[in-house]
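Q: I've got this structure open next to its sequence and would like to go through the charged pairs, the packing and the surface. Could you walk me through them?

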Amino acid sequence: MKDRLRWGIIGLVAVATVINYIDRNALAVMWPAISKDLGADKADYALLVTIFMLAYACGQTLFGRLFDVIGTRLGFSLSILVWSASIALHSVARGLGTFGVLRATLGLSEAGNWPGAVKVNALWFPPDERALAQGIFNSGAAVGAIIAAPLVALLFDRFGWQATFLVVGVLGAAWLLPWLLVYRGDPGAHPWLSEAERAHIAGGPADAAKAGYAPSIGQLLRHRQSWAIIVARFFIDPVWWLFVSWLPIYLAETFGFDVQKIGLFAWVPFVGAMLGSLSGGWLSGMLIKRGWAVLVARNTVIALGGAIMLPALLLTMTAATPLYAVLLIAAILFGFQVAINNIQTLPSDYFGGGAVGSLAGISGSAAVAGTLITTWLVPAMTAHGYAPIFALAAAIVPLAVLAILFLGGRTAPVAESIVTKRGVA
């Protein structure tokens, strides 16, 4: 492990992301049974998803700024403690009101994982390694979703839904022990970091972190590069959340699946997501090492991800068998992760460590805003099948890609003088 501490740290963040997705997906997997106990319907589920996402939107911006202020070690600890307690307390919920409160605290605290992970990435990796590091921790979302469906179905079958929530809540508390042991500080102060690795982290292509540019939120919003990320995530993230939140319900309503059958099928698309996470990060890093400009490499891979997603979404509209459907969705999520890994790396490419948490949080909130719109539309648009919502998803993917290509530009990093001398970048 000599000179590899940064990879161990991003591995820990990936494990936190696995736990994050197990916790959030547990309700969706068990909803067919929970809804019967509560006497709830699809509109009630949409309401719970909306509550979660509203809190998640607030949490993205809150924790994004918090990570910039209090640091990654304490920020992650606070985030995972609150979300673990929230999911464990689902075990004592007896009505939609209690579930609503707990989904709110879960969403608020789980949101911290993403700006925190992007912040760790910006601090611990040079630009040519950032997208791969992003892919490693983003693959944790896919692994969590892969594990969640069969694990939650198995626990539900053995113990019921109340005990299942309690068991998954323990996972986050257990993660805190290695995190507090290993993450002793950022690279400049970490006592375990060798001088060789410290020099490697600091020795990549010139970026904004070295220039010391740490804009305020107001200054960030005066850069068109910030808006490229914000707009892109507004349009592209709803595709991911469509399947994270609604895949079990889609399988139940379209193919008559119960909880056990959902557990057999619902993990398959997230294998595609995991492969896309690693592939997208590796590809842009490889292009950069071959001499491509950082943003040219990022933009090319983002466009490739969109080109994979679009036809797969259109074909899913007419999928007639569950196996064909989940394989197409696997292709969609593969393309999504190829694109999103590079989109999420852009804050550190543009602004470096000084503002990456804030921009990651703001763009994450924009992603939730777009997701909420699709969440509200799903019950009405799926009254006679899911083809209309898949068509909508296909329509918004190109908008995300175009935002990056036309607003983001081809050069980095953003310099402070662009704002001070020109007014708006």
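Q: Before anything else, what kind of model is it?
A: This is a predicted model, and the values below are computed from its atoms.

Q: OK, salt bridges then. How many does the count come to?
A: The count comes to 7 salt bridges. One of them joins the side chains of glutamate 110 and arginine 24, with 3.1 Å from N to O.

Q: Where do glutamate 110 and arginine 24 sit in the chain?
A: They link distant parts of the chain, since glutamate 110 belongs to helix α4 (residues 96-110) and arginine 24 to helix α1 (residues 5-38), with their positions 86 residues apart.

Q: And is glutamate 110 buried or exposed?
A: Glutamate 110 counts as buried because its relative accessibility is 0%, under the 20% cut-off. Arginine 24, its partner, is buried too, at a relative accessible area of 4%.

Q: Which pairs lie within a single helix?
A: Glutamate 195 and arginine 198 are one such pair, both in helix α8 (residues 195-202) and 3 residues apart, about one turn of the helix. Aspartate 237 and arginine 233 are another, placed 4 residues apart in helix α11 (residues 224-255), which is again about one turn.

Q: What are the N to O distances there?
A: For glutamate 195 and arginine 198 the distance is 3.4 Å, and for aspartate 237 and arginine 233 the closest N and O atoms are 2.9 Å apart.

Q: How accessible are those four residues?
A: In the α8 pair, glutamate 195 counts as exposed at 58% relative accessibility, while arginine 198 is partly exposed at 22%. In the α11 pair, aspartate 237 is buried at 4%, and arginine 233 is buried at 7%.

Q: Which residues are linked in a network of salt bridges?
A: Arg6, Glu129 and Glu197 are linked in such a network.

Q: Switching to packing: how many residues are in the largest nonpolar core?
A: The largest nonpolar core holds 125 residues, and those with the most contacts inside it are Trp124, Phe165, Trp175, Trp240, Phe243 and Phe270. Helix α1 supplies the largest share of this core, 19 residues. Apart from this core lies another one of 7 residues, including Met286, Ile288, Ala297 and Val301. As general background, nonpolar side chains in soluble globular proteins tend to be buried together.

Q: What does phenylalanine 270 touch?
A: Leaving aside neighbours within four places in sequence, phenylalanine 270 is in contact with Ala142, Ala145, Ile146, Trp240, Phe243, Val244, Leu247 and Leu333.

Q: And what about glycine 272, where is that?
A: Glycine 272 lies in helix α13 and counts as buried at 9% relative accessibility. With residues up to four places away in sequence not counted, glycine 272 touches Ala330, Leu333 and Phe334. Its C-alpha is 9.9 Å from that of valine 326, although the two are 54 residues apart in sequence.

Q: How far does helix α13 reach?
A: Helix α13 (residues 268-289) has 22 residues and reaches 33 Å from its first C-alpha to its last, which is close to the 32 Å expected at 1.5 Å a residue. Just after α13, glycine 291 takes a positive phi of about 105 degrees.

Q: Tryptophan 83 next, buried or exposed?
A: Tryptophan 83 is buried, with a relative accessible area of 0%, and lies in helix α3 (residues 72-89). Outside its neighbours within four places in sequence, tryptophan 83 is in contact with Ala16, Ile19, Asn20, Asp23, Leu106, Ser109, Glu110 and Asn113, so the list includes the glutamate 110 that meets arginine 24 in a salt bridge.

Q: What does alanine 57 touch?
A: Alanine 57, placed in helix α2 (residues 42-70), touches Ser365 and Val368 once residues up to four places away in sequence are not counted. Alanine 57 is buried, with a relative accessible area of 16%.

Q: Last topic, the surface: which residues form a nonpolar patch?
A: Leu399, Leu402, Leu405 and Phe406 form a nonpolar patch on the surface, with about 390 Å² of accessible area together. Phenylalanine 406 is in helix α17 (residues 387-407), and phenylalanine 406 is exposed because its relative accessible area of 65% is over the 50% cut-off.

Key: Residues are numbered from 1 along each chain as its sequence is written. This is a predicted model: local features need pLDDT of at least 70, side-chain atom pairs count only at pLDDT 80 or more; totals for chains, interfaces and linings use all residues. Side-chain values use heavy atoms; hydrogens and water are left out. A salt bridge is a side-chain nitrogen of Lys or Arg within 4 Å of a carboxyl oxygen of Asp or Glu. Helices (H or I, at least four residues) and strands (E, at least two) are DSSP runs, numbered from the N terminus. Buried means under 20% relative accessible area, exposed over 50%, partly exposed in between (1.4 Å probe, protein chains only). Patches are made of residues with over 30% relative accessible area and no salt bridge: like charges are joined within 9 Å, nonpolar side chains (Val, Leu, Ile, Met, Phe, Trp, Tyr) within 5 Å. Accessible areas come from the Shrake-Rupley method with a 1.4 Å probe; for residues, only the protein chains shown count as cover. The expected span of a helix is 1.5 Å times one less than its number of residues. A nonpolar core is a set of buried Ala, Val, Leu, Ile, Met, Phe, Trp, Tyr and Cys residues joined through side-chain atoms within 4.5 Å. Contact means heavy atoms within 4.5 Å.
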